[in-house]
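Colleague: Please take me through one part of this model, slowly and in one go. Spell out the cut-offs as you use them, and start wherever you like.

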Amino acid sequence: MKSSIQVRNITIGEGKPKVCVPIVGKTLAEINEALQVIANQQIDLIEWRADFFQAVDDMNQVTTVLKEIRQQLQTSPIIFTFRTAEEGGNKKFSLDAYSQLYQGVIHTGLIDFIDIELFIEASTRNELVASAKQNEVLTIISNHDFAKTPSKEAIINRLKLAQDIGGDVAKIAVMPTNPGDVLTLLEATYTMAETYATIPIITMAMDQLGTLSRTVGGLFGSSVTFASITKSSAPGQVNIKELQQMLDYFYTS
Ligand SMILES: O=C1C[C@@](O)(C(=O)O)C[C@@H](O)[C@@H]1O
């Protein structure tokens, strides 16, 4: 099975994997600096990792940043992500605070995608998915295992669950401790993409060991790869220029 979605000027799940760059600034000034650098690069999507932003608990400031990003990158799809501390993020937030932030951001009309974690409390998660759909915001349902690489079956089951609860994209990032773990991730990706997926999937093995998955993961069915531009948002992200060169090597379109 193969599936794709069209968003703004790109089709996710078709051809060369799309390159996403995370913005990890702590302040509006730092975010603006990153936006200047991004403007000169060939990128497909940007992710605002709002858990790095100092004033993420102030909805007015969050909206100001989103307006700035939208204004400077008019054609790129924007993903909004608050990564919880439980899954490798930078700030502790109560479930209520997470939910309020997400509802607020969904209603701004400034984003294309919102990244909702698969394993937050289920009713809140489902409410957020429903709210995103009502407001025409696409959902990436995500899971991050910074401690290990789950079994092939467990990886597939998480991606399937993300699909079953209504995600538009299913994503998983795992931590390998040996090369076999990277193979497990790639095998799970391939089986999911070929056999079960009705939506695009994004997978990666983190850290240096996992670099292979960030460069050739697309051949196995992963539709987006995350690259660093100034600072990285996760271990093992390859710098955008090097990544683009490697992708050119493996894909023609
Ligand atoms: O989920 C992901 C993937 C990621 O963790 C990575 O390993 O590249 C980076 C995060 O910013 C993003 O939200």
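**A close look around the annotated site**

Modeller: Let's start with Lys171, which is buried because 25 other C-beta atoms lie within 10 Å of its own. Burial here is a neighbour count: 20 or more other C-beta atoms within 10 Å means buried, 12 or fewer means exposed, anything in between is partly exposed, and the C-beta atoms are placed from the backbone. Bear in mind that this is a predicted model, so local features need pLDDT of at least 70 and side-chain atom pairs count only at pLDDT 80 or more, while totals for chains, interfaces and linings use all residues. Residue numbers start from 1 along each chain, as its sequence is written.

Lys171 sits in strand β8; strands are DSSP runs of E with at least two residues, helices are runs of H or I with at least four, and both are numbered from the N terminus. Setting aside neighbours within four places in sequence, Lys171 is in contact with Ile140, Ser142 and Ile202, where contact means C-beta atoms, placed from the backbone, within 7 Å.

Why pick Lys171? The UniProt annotation "active site", from an unreviewed entry, covers His144 and Lys171. UniProt positions are given in the numbering used here, feature names are shortened, and such annotations may be inferred rather than shown by experiment. The two annotated residues spread over 28 residues of sequence but cluster in space, with a largest C-alpha distance of 8.5 Å.

His144 belongs to strand β7 and counts as buried because of its 22 C-beta neighbours inside 10 Å. Not counting residues up to four places away in sequence, His144 touches Glu87, Gly88 and Ala173.

Ala173 turns up again at the ligand: 16 residues surround the ligand, and those that come nearest are Pro22, Ala173, Phe226, Ser233 and Ala234. The elements giving two or more residues to that shell are β4 (45-49), β7 (138-145) and β8 (169-174). To be near the ligand, a residue needs its C-beta atom, placed from the backbone, within 6 Å of it. By class, the shell divides into six nonpolar, five polar and five charged residues. For that split, Ala, Val, Leu, Ile, Met, Phe, Trp, Tyr, Cys and Pro are nonpolar, Asp, Glu, Lys and Arg are charged, and the others, Gly among them, are polar.

Back along β7, that strand also holds Thr139, which is buried because it has 25 other C-beta atoms within 10 Å. Leaving aside neighbours within four places in sequence, Thr139 is in contact with Ile114, Ile116, Val129, Ala132, Gly167 and Asp168. For scale, Thr139 and Gly210 are 71 residues apart in sequence and 25 Å apart in space, C-alpha to C-alpha.

Glu136 lies in the loop between α4 and β7. Its phi is near 55°, a positive value in a residue other than glycine, and Glu136 is exposed because just 9 other C-beta atoms lie within 10 Å. Asp207 also gives a positive phi in a residue other than glycine, here near 65°. Asp207 lies in the loop between β9 (201-205) and α7 (211-220), and counts as partly exposed because it has 17 C-beta neighbours inside 10 Å.

How values were computed: Contact = placed C-beta atoms within 7 Å.
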